[in-house]
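Visitor: I've got a new model open and would like a quick tour. Can you take me through the packing and the odd backbone spots?

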Amino acid sequence: MDAAASLIADLVAQGVRDLVLSPGSRSQALALAAVRFAEEGPVRVHVRIDERVAGFTALGIARETGVPAAVICTSGTAVANLLPAVMEAFHSGVPLLLLTADRPPELRGVGANQATIQDGLFHPWVRDQLDAPVPGDGDWSGLAERAVAAAMGARAGEHARPGVAGPVHLNLPSREPLSGELPSVAVMPGEPPRRIAGEPWVLARGPRTVVVAGADAGPDAEELAHAGGWPLIAEIVSGARFGRQLVHGYRRLLRRDDLGGRIERVVVLGHPTLSREVAALLSRTDVEVVARHRGGEQLDLNHRTRGVDAVSVAPGAVDRDWLGAWLQASAAEVVDLSENAPDPEGLASTDFAARREAVRAELDAVRRPLDRELLVDAVWRATWPHDRLVFGSSRLVRVADQVLGGKKVPVHANRGLAGIDGTIATATGIALASQAAGAPGVTRVLLGDLAFLHDVGALLLPPDETEPRLQVIVGNDGGGTIFDALEVAASARPADLDRAFYTPHNVRIEHLALAYGWEYQRVTTRTALDQALTSPRGGRQIIEVPLPR
């Protein structure tokens, strides 16, 4: 118990504030120490019975705060269930601490119960890893400082790069007795750690430049585009889709010879994943690509990309002809879905003709069935800077990327690997972390039905923990229609496509909501959707929107 309590206290001293715990026998000393310290106030403990959910919950917390969250689990397959979250954290550059309990060396490789090869299990995807000694055979002091520093980007393990955050694995073996009376340990909360920043690469004036913002780019991309006077191509998941330089309809404009064809330099922040046009641009060998790396792999699609820690702009004049050509073309690409939204001013007008037109438009909107464009537009309009918006890897995120305009909204998405793993769990972590920091808004997660079902276990939350303000909006088209946009849709037989890719289902989402204690609404009109989004009926709410196949 002494080693476990001291390790948790040391993590708190290094600025860690959130521990996500999955119960187990071998990890009982770590779990008891975590719960005790949470009672005393310096840390928050979140209990999840599913280690995969626990891993993504910690990922969401770390995404929102930028500070490592720690996951505690027992030995055996429990550890393996952390792998999807670890991979996402590595590729997205999210700091994460893995505290995995283990058998002592004498019980490894001899057929002992629940013993497997845990040391090095996450080797390709961690910044640092350490198989700690058994308490008594060695000392755990210094582990917390080393782990937090490596997770924040200090050079440590084989896969570490200065300034690039990521997961760190501490494998913690122990012998029986596995727990006992907790010692008295002084806990001195430290300041949250900061990412190690490198020297900026100065971007010279001259080349015809665009700024591309992918997932996790954040407001830095808009600031860079503004400073350089360059067009901003911002994916919807970037958190940078706002500002005067924002380009609408960027996919079509990149295909134009007089715009995309004349690009000489691309500056990339974040991880672009949503369009083939951007991927094609970054693969061109006639274009200079400068990419600020924050994830586990350096972006280098053209095999000559310059990776940098940070970027700045040299003094000089803006190429107004270049910027003006993009903005003029962008203005013609704006998608206006406003006619589908309610007109409260018109409905309240004292002018009879104006009120009659507003009522007519309202009735038309009520009669029109919801589609993907209306769904993403409604969610985007309902979300503001004090909220958080999380996109799942579903067809909806691609629709949103194509039709939504500019708005300064905090956006998150697991785009490091673009998988559907852990979307609800990640959003839960984001909601809890933002609430703990005092954010007054709602966290909304927009995803498809298959991504929802893939993470349904994340709906289970302990009744004695803080309830997240979380809306899960499910666009339910009865299967994986995202495959409509892939080559297989044209080559496979319809029956094969339906069975192997669409994976249709008849799940009653309202029954899942009832079983897990969530508020539930099913909406079929834009007016009802707007009301559901802006009038939360509870802390946790599922809004199901049926969509055409």
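Guide: One term before we start. Helices here are DSSP runs of H or I with at least four residues, numbered from the N terminus. Also, this is a predicted model.

Visitor: Fine. What phi does G93 take just after helix 5?

Guide: G93 has a positive phi of about 70°.

Visitor: And helix 5 itself, mostly covered or mostly open?

Guide: Mostly covered. Helix 5 spans residues 83-92, and seven of its ten residues are buried.

Visitor: Which ones in helix 5 are buried?

Guide: A85, V86, E88, A89, F90, H91 and S92.

Visitor: What do those buried residues pack against?

Guide: Helix 3, strand 4 (96-102) and strand 6.

Visitor: Let's take the helix 3 side. What are the angle and axis distance for helix 3 and helix 5?

Guide: The angle is about 25°, and the axes are 8 Å apart. Angles under 35 degrees count as roughly parallel, so helix 3 and helix 5 are roughly parallel to each other.

Visitor: Which residues make that contact between helix 3 and helix 5?

Guide: Helix 3 brings R52, G55, F56, L59 and R63. Helix 5 brings P84, A85, E88, A89 and S92. By class, the contact of helix 3 with helix 5 has five nonpolar, two polar and three charged residues.

Visitor: How does helix 3 pack with helix 15?

Guide: Helix 15 covers residues 423-436. The angle between helix 3 and helix 15 is about 45°, with the axes 6 Å apart. The two helices are therefore oblique to each other. Their crossing is right-handed.

Visitor: Who's in the contact between helix 3 and helix 15?

Guide: From helix 3, the residues are V53, F56, T57, L59, G60, I61, R63, E64 and T65. From helix 15, they are A425, T426, G429, I430, A433 and S434. This contact of helix 3 with helix 15 holds seven nonpolar, six polar and two charged residues. F56, L59 and R63 of helix 3 are in the helix 15 contact, and they appear in the helix 5 contact too.

Visitor: Switching to the core. How many residues are in the largest nonpolar core?

Guide: It has 44 residues. L447, F452, V472 and I542 have the most contacts inside it. Helix 3, residues 51-65, gives the largest share of this core, with seven residues.

Visitor: What does L447 touch, beyond its sequence neighbours?

Guide: Leaving aside neighbours within four places in sequence, L447 is in contact with G392, S394, L396, T423, I424, F452, V472, I473, V474 and G475. There is also a second, separate core of 38 residues, which includes L7, A70, A151 and L170.

Visitor: L7 is in helix 1, right? What does helix 1 meet in helix 2?

Guide: A4, A5, L7, I8 and A9 in helix 1 meet A29, L30, A33, A34 and F37 in helix 2. By class, that contact of helix 1 with helix 2 has ten nonpolar, no polar and no charged residues.

Visitor: And what's the geometry of helix 1 and helix 2?

Guide: Helix 1 is residues 2-13 and helix 2 is residues 28-40. Their axes come within 8 Å and cross at roughly 50°. That makes helix 1 oblique to helix 2. The crossing is right-handed.

Visitor: Now the odd backbone spots. Where does the peptide bond to P177 stand, cis or trans?

Guide: The bond from E176 to P177 is cis, with omega near 0°. P177 is in the loop between strand 6 (167-173) and strand 7 (200-203). Most peptide bonds are trans.

Visitor: What about H303 and its phi?

Guide: H303 has a positive phi of about 60°, although it is not a glycine. H303 is in the loop between strand 11 and strand 12 (306-308). At 70% relative accessibility, H303 counts as exposed.

Visitor: And what is phi of A418?

Guide: Near 55°, again positive in a residue other than glycine. A418 is in the loop between strand 15 (411-413) and helix 15. A418 is partly exposed, with a relative accessible area of 32%.

Visitor: Last stop, R284. Where is R284?

Guide: R284 is in the loop between helix 9 (276-283) and strand 11 (288-292). Its relative accessible area is 21%, so R284 is partly exposed. Outside its neighbours within four places in sequence, R284 is in contact with G260, G261, I263 and N302.

Notes:
Residues are numbered from 1 along each chain as its sequence is written. This is a predicted model: local features need pLDDT of at least 70, side-chain atom pairs count only at pLDDT 80 or more; totals for chains, interfaces and linings use all residues. Side-chain values use heavy atoms; hydrogens and water are left out. A nonpolar core is a set of buried Ala, Val, Leu, Ile, Met, Phe, Trp, Tyr and Cys residues joined through side-chain atoms within 4.5 Å. Buried means under 20% relative accessible area, exposed over 50%, partly exposed in between (1.4 Å probe, protein chains only). Contact means heavy atoms within 4.5 Å. Axes are lines fitted to C-alpha atoms, for helices over the stretch in contact, and angles run from 0 to 180 degrees between N-to-C directions. Angles under 35 degrees count as roughly parallel, over 145 as roughly antiparallel, 65 to 115 as roughly perpendicular and the rest as oblique. A crossing is left-handed if the near helix is turned anticlockwise from the far one by less than a right angle, and right-handed if clockwise. Ala, Val, Leu, Ile, Met, Phe, Trp, Tyr, Cys and Pro count as nonpolar, Asp, Glu, Lys and Arg as charged, and the others, Gly among them, as polar.
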